[in-house]
Amino acid sequence: SGELWSWGGNRDGRLGYSGVDTQPTPRRVDFRGRAVAVAASNRHSACLTGAGEVWTWGANNEGQLGYGTSNSANNPTPRLVEAMKVRAGGGGEDGWQDKEEVRIGAAAPPLPPPAPTR
């Protein structure tokens, strides 16, 4: 369905909504589009939609949200990152691409199987 749900501690707005310090049950994160990939860190999150849009929220003290600014204010509402677009070739959603044509976030090769243990 492409919906995104979050719960837990909401420090810095990392859950994607405001008004609560802790969310004990799953709650829908509102943004335009259908989520196809999500990345979450300790203080911020990002979502890639099927239309190639990147949405971010949470802490931005080092510019990690991609808005072109770095501030320590909470950004609890998902916001579209204008500078990011999905590579259009091949009909796939295989990576993100910034405005300087540097490809990031592409799918990594599969990990080798774990070594046997005794």
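Strands are DSSP runs of E with at least two residues, while helices are runs of H or I with at least four, and both are numbered from the N terminus. Two strands pair if DSSP finds at least two bridges between them.

Before you start, note that this is a predicted model, in which local features need pLDDT of at least 70, side-chain atom pairs count only at pLDDT 80 or more, and totals for chains, interfaces and linings use all residues. Residues are numbered from 1 along each chain as its sequence is written, and side-chain values use heavy atoms, leaving out hydrogens and water.

**Exercise 1. The sheet**

Task: Find the order of the strands in the open sheet, and say which strands are at its edges.

Solution:
- Step 1. Trace the order β3-β4-β5-β6: these 4 strands form an open sheet with antiparallel pairing.
- Step 2. Look for strands that pair on one side only; these edge strands are β3 (35-40) and β6 (71-80).
- Step 3. From one strand to the next, the twist averages 15 degrees.
- Step 4. Now take β4 and β5, which are antiparallel and joined by 5 bridges. The two form a hairpin with 4 residues between them, and G52 in the turn has a positive phi of about 85 degrees.
- Step 5. On to β5 (residues 54-60) and β6, an antiparallel pair with 4 bridges. Here G58 stands opposite N75, and T56 has R79 as its bridge partner.
- Step 6. Check how enclosed β5 is. Buried means under 20% relative accessible area, exposed means over 50%, and partly exposed is in between (1.4 Å probe, protein chains only). Because 7 of the 7 residues of β5 are buried, this strand is largely enclosed by the rest of the structure.

**Exercise 2. The surroundings of one serine**

Task: Describe where S45 lies and which residues S45 touches.

Solution:
- Step 1. Place S45 in strand β4 (residues 44-49); across from S45, in β5, stands W57.
- Step 2. With a relative accessible area of 7%, S45 is buried.
- Step 3. List the contacts (heavy atoms within 4.5 Å). Not counting residues up to four places away in sequence, S45 touches R14, A39, A40, W55, T56 and W57.

**Exercise 3. The cores**

Task: Which residues make up the largest nonpolar core?

Solution:
- Step 1. Recall that a nonpolar core is a set of buried Ala, Val, Leu, Ile, Met, Phe, Trp, Tyr and Cys residues joined through side-chain atoms within 4.5 Å.
- Step 2. The largest has 10 residues: L4, L15, Y17, V29, F31, A35, C47, W55, W57 and L80.
- Step 3. Another core, of 6 residues, lies apart from it and includes L48, V54, Y67 and M84.
- Step 4. As background, nonpolar side chains tend to be buried together in soluble globular proteins.

**Exercise 4. Salt bridges**

Task: How many salt bridges are there, and which parts of the chain does the R43 and D12 pair link?

Solution:
- Step 1. Apply the rule: a side-chain nitrogen of Lys or Arg within 4 Å of a carboxyl oxygen of Asp or Glu. The count comes to 5 salt bridges.
- Step 2. R43 forms one with D12, the closest N and O atoms being 2.8 Å apart. R43 is in the loop between β3 and β4, and D12 is in the loop between β1 (5-9) and β2 (22-28), 31 residues apart.
- Step 3. Compare accessibility: R43 is partly exposed at 27%, whereas D12 is buried at 8%.
- Step 4. Turn to R32 and E53, whose side chains meet in a salt bridge (3.2 Å, N to O). R32 lies in the loop between β2 and β3 and E53 in the loop between β4 and β5, so this pair ties together parts 21 residues apart in sequence.
- Step 5. Finish with the network of salt bridges that links E3, R28 and D30.

Terms used. Axes are lines fitted to C-alpha atoms, for helices over the stretch in contact, and angles run from 0 to 180 degrees between N-to-C directions.
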